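Colleague: Please give me a close account of a single part of this structure, beginning from one residue and working outward. I should be grateful if each term were explained when it is used.

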Amino acid sequence: MSIWMAPGGLHVALGEPRDAQALAKIHAAGFFRGWPKNDFASYLADPRITPAYVVIDKRRAVHGFLMLRLAGDEAELLTIAVDPARRGRGLGRALLEAGFSDLAATPIRRMFLEVDETNASAIALYDRFGFTRIGTRKGYYPKADGSAATALVMRADLG
Ligand SMILES: CC(C)(COP(=O)(O)OP(=O)(O)OC[C@H]1O[C@@H](n2cnc3c(N)ncnc32)[C@H](O)[C@@H]1OP(=O)(O)O)[C@@H](O)C(=O)NCCC(=O)NCCS
């Protein structure tokens, strides 16, 4: 069983199918378009392809999560979100540290992600982990006002 330390007496563990509801709720609080619980259930059922990392307390209540998709020697960061009440306390960092450390023992060598170019807190987090900007996708994220935001495409080398 893999467990990583997280701030505030919490820790990071691998996501399990029973976490689907909690992930859908935290995701919906973090994004304009949430993903259905069933999508999370499918991802969580296949951790070799789409591993998830969850920040949990002693009762296994979930406070944030990271989900990846693995293919060959590459990983895609599908999504990361922290409960709004718990943001700014190092949980996002703990999730990425857990994911990076878990991948260190695998053939995965690169991680890619897309992020809304106006999402300053997420971009600052990715910068800290060595992600660099490799491109943009215009009109990628639909917004509540009917417009669409540009995505930055970022890449990190895992060594
Ligand atoms: C992005 C997100 C996951 C970060 O989680 P978090 O637990 O708040 O982040 P942390 O407290 O671990 O912060 C880690 C680093 O991120 C950056 N960061 C986090 N919040 C920030 C903010 N409000 N402003 C600027 N930088 C910020 C900082 O570099 C910070 O490091 P520091 O504390 O040493 O300065 C969280 O804000 C979230 O859930 N956002 C909504 C969903 C989302 O946008 N996901 C990313 C989509 S690609």
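Modeller: Val153 lies in strand β8. Strands (E, at least two residues) and helices (H or I, at least four) are DSSP runs, numbered from the N terminus. The model is predicted, so that local features are reported at pLDDT of at least 70 and side-chain atom pairs only at pLDDT 80 or more, while totals for chains, interfaces and linings use all residues. Residues are numbered from 1 along each chain as its sequence is written.

Val153 is classed as partly exposed because 15 other C-beta atoms lie within 10 Å. The classes are buried at 20 or more such atoms, exposed at 12 or fewer, and partly exposed in between, with C-beta atoms placed from the backbone. Apart from neighbours within four places in sequence, Val153 is in contact with Phe112, Glu114, Ile134, Gly135, Thr136 and Arg137; contact requires C-beta atoms, placed from the backbone, within 7 Å. Val153 also lies 9.1 Å from Glu117, C-alpha to C-alpha, although 36 residues separate the two in sequence.

Two of these partners, Phe112 and Glu114, lead to strand β6, where both belong to the uncovered face together with Arg110 and Asp116. The covered face of β6 consists of Met111, Leu113 and Val115. On the β5 side, β6 runs parallel to β5, and 3 bridges join the two strands. Phe112 takes part here, as the bridge partner of Glu76.

The wider sheet can now be described. Its 8 strands form an open sheet with mixed pairing, in the order β1-β2-β3-β4-β5-β6-β8-β7. Strands pair if DSSP finds at least two bridges between them. At the edges are β1 (3–5) and β7 (132–142), each of which pairs on one side only. From one strand to the next, the twist averages 25°. Such angles run from 0 to 180 degrees between N-to-C directions, with axes fitted to C-alpha atoms, for helices over the stretch in contact.

Let us follow the strands from the β1 edge. β1 and β2 are antiparallel and are joined by 3 bridges; Trp4 is bridged to Val12 in β2. Their hairpin has 5 residues between the strands, and within the hairpin Gly8 has a positive phi near 70°. β2 then pairs with β3, again in the antiparallel sense, over 4 bridges, and the bridge partner of Leu14 in β3 is Tyr53.

The loop between β3 and β4 contains Arg60. Most residues other than glycine have a negative phi. Arg60, however, has a positive phi of about 65° although it is not a glycine. Why is Arg60 counted as exposed? Arg60 is exposed because it has 12 C-beta neighbours inside 10 Å. The strands on either side of this loop, β3 (residues 52–56) and β4 (residues 62–71), form 5 antiparallel bridges; among the paired residues, Ala52 has Met67 of β4 as its partner.

Helices also lie against the sheet. Helix α1 (residues 20–30) crosses β4 and β5, and runs at about 95° to β4. Helix α4 packs on the sheet as well, touching β6 (110–116) and β8 (148–157), with a direction at about 160° to that of β6. This brings the account back to the strand that holds Val153.

Tyr126 provides a close view of this packing, since the residue is found in helix α4. Is Tyr126 buried or exposed? Tyr126 is buried, because 24 C-beta neighbours lie inside 10 Å. Leaving out residues up to four places away in sequence, Tyr126 touches Leu113, Val115, Phe131 and Met154. Leu113 and Val115 belong to the covered face of β6. Tyr126 and Val115 are 11 residues apart in sequence and 9.5 Å apart in space, C-alpha to C-alpha.

Helix α4 also takes part in covering another helix, α3. The buried residues of α3 are Leu91, Gly92, Ala94, Leu95, Leu96, Ala98 and Gly99. Their cover includes α4 as well as β1, β2 (11–14), β3, β4 and β5.

Methods
Contact = placed C-beta atoms within 7 Å.
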